Every structure is written in structure tokens, then in C-alpha cells.
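Biologist: I would like to learn how to read a model like this one. Could we start from a single residue and work outwards?

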Amino acid sequence: LQELNGGLSRIFYEAESPMFVTASYVVIDAVRGELRYANAGHPSPLRVRRSSGVIDVLQSDGSRPDPALGFIQGFRYSATVRSFEPQDIVLQFTDGVFQAGASSRPPLTMDLLIEELRSRISLPTERLFEELFMEIRSHSGGPGFRDDICLIAAELTRQLDRAELGKE
């Protein structure tokens, strides 16, 4: 994120109007059972812990989220590590998820998104994901969306042993 920020800061400095980019990354270590993530002004990812039924908003260890890319040249982004066990899911999404609201329905919020996930926590991941997308679509009030919508989910199906890494 620091390298991207440096390059974008130089490009955006020359722009005639303010510009920025949000970004988030997640790395899953299937051997250690860890999830490493960083966020640059993007909606916080969610960690779904099926074994306990807990859904966590993954925020940095700091009190405030790190800024979007291109705002502060030289900013040092922080990465945070959390445990990630078999059957856990991490869900990333764009802010368009929350801007899909139709006038006839209340806007989708992080709390409502978590509630929708919790009500589907026992579903197979693919079905959970499909139903969640349909719920987001129902908030849009039509076939299209006002903003981009992107959902990405990853599930750790099992923890790996170091010896397995060399085998294909």
C-alpha cells in the first residue's frame, strides 16, 4: 500500500481536481492459521467465524482507519494480524454495497450486512455469498446499482501442514 500510495500521490498531485483511491488487502496464511490485512480508506472487511457464530469487523489496531491512497504522501500503512481458522470466511466489498439503497427500503448499513451474514452463517459459502448478493440487490430497488458493487470472499477449508506445501 505504501508503494501504491507513493506512485498515486505523485500522479494525483498533478491532477486539477482532488483524487484518491481506496484499497484493502488480505493475506491468508493457511499454515499458521492467520489473516493479515491492511486498509487504505476502504470499507473494513468482515471475518465470519462459523465455529463460534461471531462476525468481526476487521479494523486496524489504531484508533482511526488509514487514509485512502493518494492523500498523504509518505504515509506508512499498518498491517494487522488475526487468527483465521478452518471454516472461517473473510469478506471484502466496495462502498457501493452501502450506496445501493432504494427509496422504498432503509439503507444497507454495516450492522444490517452483519445481521444478513449471521442469518446465513450455516449455509455453504457459495450459497451464503449468492444470497448475500441478492439481499444487496434487493436494497437497490431495481436491476442496477448506483455505484460499483464488488464482493470477494475467501474461506479457509482446512489448515495446512508445512510438509504439504511441497506436494502438488
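Modeller: Start with contacts, and skip the close sequence neighbours. Leaving aside those within four places in sequence, D88 is in contact with R47, V48, R49, R50, S83, A154, E155 and L156. Keep in mind that this is a predicted model.

Biologist: Where does D88 sit in the secondary structure?

Modeller: D88 lies in the loop between strand 5 and strand 6.

Biologist: Is D88 buried or exposed?

Modeller: Read the relative accessible area; buried means under 20%. D88 has a relative accessible area of 0%, so it counts as buried.

Biologist: How do I read a long-range link from D88, such as the one to R158?

Modeller: Set sequence separation beside spatial separation. D88 and R158 are 70 residues apart along the chain, and their C-alpha atoms are separated by 9.5 Å.

Biologist: What share of contacts across the chain join residues at least 24 apart?

Modeller: Count the contacts between residues at least 6 apart in sequence; 68% of them join residues at least 24 apart. For burial, the chain has 168 residues, and 38% of them are buried.

Biologist: Now the fold. Which elements does the chain contain, and in what order?

Modeller: Count first, then read along the chain. There are three helices and seven strands. From the N terminus on, the order is α-β-β-β-β-β-β-α-α-β.

Biologist: How do the strands group into sheets? Take the sheet that contains strand 6.

Modeller: Give the order across the sheet, then the sense of pairing. Four strands form an open sheet in the order 4-3-6-7, with antiparallel pairing. Next, look for the edges. Strand 4 (54-57) and strand 7 (151-155) each have a single partner strand, so one side of each is left without a neighbour in the sheet. The twist in this sheet averages 20 degrees from one strand to the next.

Biologist: How many bridges join strand 3 and strand 4?

Modeller: Strand 3, residues 46-49, pairs with strand 4 over four bridges, in the antiparallel sense. To find the register, pick one residue and look across. V48 stands opposite I55 in strand 4.

Biologist: And what is the strand order in the sheet that contains strand 1?

Modeller: The same reading applies. Three strands form an open sheet in the order 1-2-5, and the pairing is antiparallel. Here strand 1 (23-29) and strand 5 (80-83) stand at the edges; each has a single partner strand, so one side of each lacks a neighbour in the sheet. In this sheet too, the twist averages 20 degrees from one strand to the next.

Biologist: What joins strand 2 to strand 5?

Modeller: Four bridges do, between strand 2 (residues 34-40) and strand 5, which run antiparallel. For the register, R36 stands opposite V81 in strand 5.

Biologist: Last topic: cavities. How many of 30 Å³ or more does the structure hold?

Modeller: Take number, volume and lining in turn. The structure holds one cavity of 30 Å³ or more. The largest cavity contains about 40 Å³ of space.

Biologist: Which residues line the largest cavity?

Modeller: The lining consists of V48, I89, L91, L117, T125, L128, F129 and A153. V48 is also among the contacts of D88.

Biologist: Which elements supply the lining, and what is its chemical character?

Modeller: Strand 6 (89-93) and helix 3 (125-140) each supply at least two of the lining residues. Helix 3 gives the largest share, three residues. By character, seven lining residues are nonpolar, one is polar and none is charged.

Methods:
Residues are numbered from 1 along each chain as its sequence is written. This is a predicted model: local features need pLDDT of at least 70, side-chain atom pairs count only at pLDDT 80 or more; totals for chains, interfaces and linings use all residues. Side-chain values use heavy atoms; hydrogens and water are left out. On a 1 Å grid over the protein atoms alone, a cavity is a set of points where a 1.4 Å probe fits but cannot get out, and a pocket is an open set with protein on both sides within 12 Å along at least five of seven lines; lining residues have an atom within 4 Å of a point. Grid points are joined across faces, edges and corners, and a volume is the space filled by probe spheres set on the points. Ala, Val, Leu, Ile, Met, Phe, Trp, Tyr, Cys and Pro count as nonpolar, Asp, Glu, Lys and Arg as charged, and the others, Gly among them, as polar. Two strands pair if DSSP finds at least two bridges between them. Axes are lines fitted to C-alpha atoms, for helices over the stretch in contact, and angles run from 0 to 180 degrees between N-to-C directions. Buried means under 20% relative accessible area, exposed over 50%, partly exposed in between (1.4 Å probe, protein chains only). Contact means heavy atoms within 4.5 Å.
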